[in-house]
Amino acid sequence: MNSAQDNELLTRVGPGTLMGNLMRQYWLPVCKTSEVEANGAPLRVMLLGEKLIAFRDEQGRVGVMDHRCPHRCASLFFGRNEGGGIRCVYHGWKFDVEGRCLEMPNVPPERDFSDRVRAIAYPAVERAGVVWAYLGPRTSAPPPPAIEALLLPEGELRVTLTQRECNWLQAMEGDLDTGHFGFLHLGSVDPDDVDRSNMHAVSITNRAPHFKVRETPWGAMAGAYRPATPSELYWRICHFLFPFWALFPDGTFEDNVAVNASVPMDDTHTMIFNFAWTKRTPPLRTTKDGKTIPGLEFRHDYMPQTADWFGRWRLAQNAATDYGIDRDAQRDVSFTGVTGITLQDQYITESMGEIVDRTLEHLAPGDAMIIRTRKRLLEAARSLAEKGVAPPGVDDPEVSFGARGGAYVAPETEDWIEGYESRLRRAVGPARGA
């Protein structure tokens, strides 16, 4: 278990915190590009505990800045997006996407000092269907992330956002906890009901895998393994990539180009960004007769979007309705009584509380990846704070191209790292020239 002190360091992300300072070293996903229209209304965005607005000016440039006007701190969310900038409606001061003050119409011309005023604005770019911002201290922002799924062609990329009412770390740890799949998602499936020729059926026939974990240049990786045949093992590989990315194993390793980002809005709200290749092999979702496994039916029902700080991408089935749990279905049909993998992951991580008290945990061998990831995060954050060492992947984001999540079957005698690396060389995907 973690100490209360370490848990505090790992979970707090506001300005000046250990983990917040680490995350500000990286480019951060802000919103979908489609959420900001040219000359449209500003969008409220919470990111690392900062209240920001995102907007697109008439030239199509995107700005991400503090919502407070530098004049009297009125919110620029209520501003007018016009003529290449956002104009505060209180006294008419206007700012461009880089935070430069363009006009001070309430100040006599001879007393104008607009050249000395700047709004707090962050560098912003658009990539992979998402607006990104750099909130860090560098004068020149580092290179953008080079995670494989972010390099997919626009027509082959699916981007999905979901907000969770819990701390970012417990959200991300759910993606790294590969052993839960055989219970939370497949716990009621009878092994005789699935096609045994599908290698992923091993997740049902053996729900207690062994684990191997190692540190990597991009973070950490884990291999969960169990017998597939008398001479072969079924491996499920996952990765943690700094600062909040998870490559999950729910798919076939050869073409499983997908990644989740658990982006902290603040200490108790997280926006999940899922990037996935639309051409990857579908993971195990059906029984041998072709029917969808009970509880895994696709479900992504959102509440109506609102303009408040936490009004975007909220699932309609939530804590207020106990996530729509059906106790009859839980008894007779599905393990959880909750429909949809996304919702199942969400309700279980939110059920831990806004910030889980990790001093109450009793960790098991299957939690080795969780333990290693927490260790890596704390070490990197302390090294940045005490020695000024840039955390992994900031200056060399291409190291993440050595990471791929997914499942495969390998000879029992094969070294797991050698086997992983050999399959990575044969992996396919647009970014790998296949």
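The following exercises, each with a worked solution, concern a predicted model.

**Exercise 1. Cysteines**

Task: Determine how many disulfides the whole structure contains, and describe the situation of C69 and C88.

Solution:
1. A disulfide requires a pair of cysteine sulfur atoms within 2.5 Å.
2. A search of the whole structure under this criterion returns zero disulfides.
3. For C69, the nearest cysteine sulfur belongs to C88, at 4.0 Å, and C69 is in no disulfide.
4. Taken from the other side, C88 has the sulfur of C69 as its nearest cysteine sulfur, 4.0 Å away, and is likewise in no disulfide.
5. Burial is assigned under 20% relative accessible area. C69 has 2% relative accessibility and therefore counts as buried; C88, at 5%, also counts as buried.

**Exercise 2. Strand β12**

Task: Establish whether strand β12 is largely enclosed or left open by the rest of the structure, and identify how β12 is joined to β18.

Solution:
1. Strand β12 spans residues 157-164, and seven of its eight residues are buried.
2. The strand is therefore largely enclosed by the rest of the structure.
3. Strand β18 covers residues 269-277 and is joined to β12 by eight bridges.
4. The two strands run antiparallel.
5. As a point of registration within this pair, R158 lies opposite A276 of β18.

**Exercise 3. A four-stranded sheet**

Task: Give the strand order of the open sheet of four strands and state which strands stand at its edges.

Solution:
1. The order is β5-β6-β7-β8, and the pairing is antiparallel.
2. The edge positions are taken by β5 (80-82) and β8 (101-103).
3. Each edge strand has a single partner strand, so one side of each lacks a neighbour in the sheet.
4. Strands β6 (residues 85-87) and β7 (residues 94-95) are joined by two bridges and run antiparallel.
5. R87 has K94 of β7 as its bridge partner.

**Exercise 4. Packing of α3 and α8**

Task: Classify the crossing of helices α3 and α8, and name the residues that make the contact.

Solution:
1. Two packed helices are described by the angle between their axes and the distance between the axes.
2. The axes of α3 (residues 168-176) and α8 (residues 368-387) come within 10 Å and cross at roughly 135 degrees.
3. This angle makes α3 oblique to α8, since only angles over 145 degrees count as roughly antiparallel and 65 to 115 as roughly perpendicular.
4. The crossing of α3 and α8 is right-handed.
5. On α3, the contact is made by W168, L169, M172, E173 and L176.
6. On α8, the contributing residues are M369, I370, T373, R374 and L377.

How values were computed. Residues numbered from 1 in each chain as written. Predicted model: local features only at pLDDT ≥ 70, side-chain atom pairs only at ≥ 80, totals over all residues. Heavy atoms only, no water. Buried < 20%, exposed > 50% of the residue type's maximum accessible area, 1.4 Å probe, protein only. Pairing = 2+ DSSP bridges. Axes fitted to C-alpha atoms, helices over the stretch in contact; angles between N-to-C directions. Parallel < 35°, antiparallel > 145°, perpendicular 65-115°, else oblique. Left-handed = near helix turned anticlockwise from the far one by under 90°. Contact = heavy atoms within 4.5 Å.
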